[in-house]
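Hi everyone, thanks for coming. I'll take a few minutes to walk you through one structure, so have a look at it on the screen first.

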Amino acid sequence: MYNDFIAQVDTQQYERELTQRLERRRIAAEHAVQEHGGRLAFVAHLARQARAPRAVAARPVGC
């Protein structure tokens with residue numbers, strides 16, 4: 001039987017999982033910033049990656 005208590009427990013568990021996921025992402029982001037020597041260096045690295053050419057799949061001749 002699904003009641004208010006079970007709904008509350010489910011909601012609290014979901015919020016805990018989101019909080020843990022957010023904390024793991026924050027820690028990963030901090031490590032990435034440290035690896036690149038600071039925030040500006042990391043932003044520059046991300047900008048270079050965004051501008052980098054990507055492999056394009058070959059299209060059929062008829063397109």
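**A walk along helix 1**

Let's begin with a quick check on helix 1, which runs over residues 4–35. Those are 32 residues, and at 1.5 Å a residue they should span 46 Å. The C-alpha atoms at the two ends sit 47 Å apart, so the expected span and the model agree. And yes, please keep in mind that this is a predicted model.

Okay, zooming out for a second. What does the secondary structure of the chain come to? The count is 2 helices and 0 strands. The chain has 63 residues, and buried residues make up just 3% of them. In terms of surface, the chain exposes about 6,100 Å², with carbon and sulfur atoms supplying 59% of that.

Now, back to the start of helix 1. Asparagine 3 has a side-chain oxygen that comes within 3.1 Å of the backbone nitrogen of phenylalanine 5. Phenylalanine 5 also belongs to a nonpolar patch on the surface, together with Tyr2, Ile6 and Val9. Taken together, those four have about 410 Å² of accessible area. Valine 9 is a residue of helix 1, and its relative accessible area is 33%, so we call it partly exposed.

Next up, the charged side chains. How many salt bridges does a search of the whole structure find? It finds 2. One joins glutamate 23 to arginine 26, and there the closest N and O atoms are 2.3 Å apart. The other is between arginine 26 and glutamate 30, at 2.4 Å from N to O. So arginine 26 has a partner on either side, and Glu23, Arg26 and Glu30 end up linked in a network of salt bridges.

Why can these residues reach each other along a helix? An α-helix has 3.6 residues a turn, so residues three or four places apart point the same way. And side chains of opposite charge can pair when their charged atoms come close. Here, glutamate 23 and arginine 26 are 3 residues apart in helix 1, about one turn. Arginine 26 and glutamate 30 are 4 residues apart in helix 1, which again means a separation of about one helical turn.

Are these residues hidden away or out in the open? Well, in between: glutamate 23 is partly exposed at 35% relative accessible area, arginine 26 is partly exposed at 37%, and glutamate 30 is partly exposed at 40%.

One more stop on helix 1, at alanine 29. Alanine 29 has 38% relative accessibility, so this residue counts as partly exposed too. Measuring C-alpha to C-alpha in the model, alanine 29 is 9.7 Å from phenylalanine 42, with their positions 13 residues apart in sequence.

Last thing: look just after helix 1, at glycine 37. Its phi is positive there, at about 85°. That's my tour, thanks for listening!

Notes: Residues are numbered from 1 along each chain as its sequence is written. This is a predicted model: local features need pLDDT of at least 70, side-chain atom pairs count only at pLDDT 80 or more; totals for chains, interfaces and linings use all residues. Side-chain values use heavy atoms; hydrogens and water are left out. The expected span of a helix is 1.5 Å times one less than its number of residues. A polar contact is a pair of N or O atoms within 3.5 Å; within protein, one must be able to donate a hydrogen and the other to accept it, and residues adjacent in sequence count only if both atoms are side-chain atoms. Buried means under 20% relative accessible area, exposed over 50%, partly exposed in between (1.4 Å probe, protein chains only). Patches are made of residues with over 30% relative accessible area and no salt bridge: like charges are joined within 9 Å, nonpolar side chains (Val, Leu, Ile, Met, Phe, Trp, Tyr) within 5 Å. Accessible areas come from the Shrake-Rupley method with a 1.4 Å probe; for residues, only the protein chains shown count as cover.
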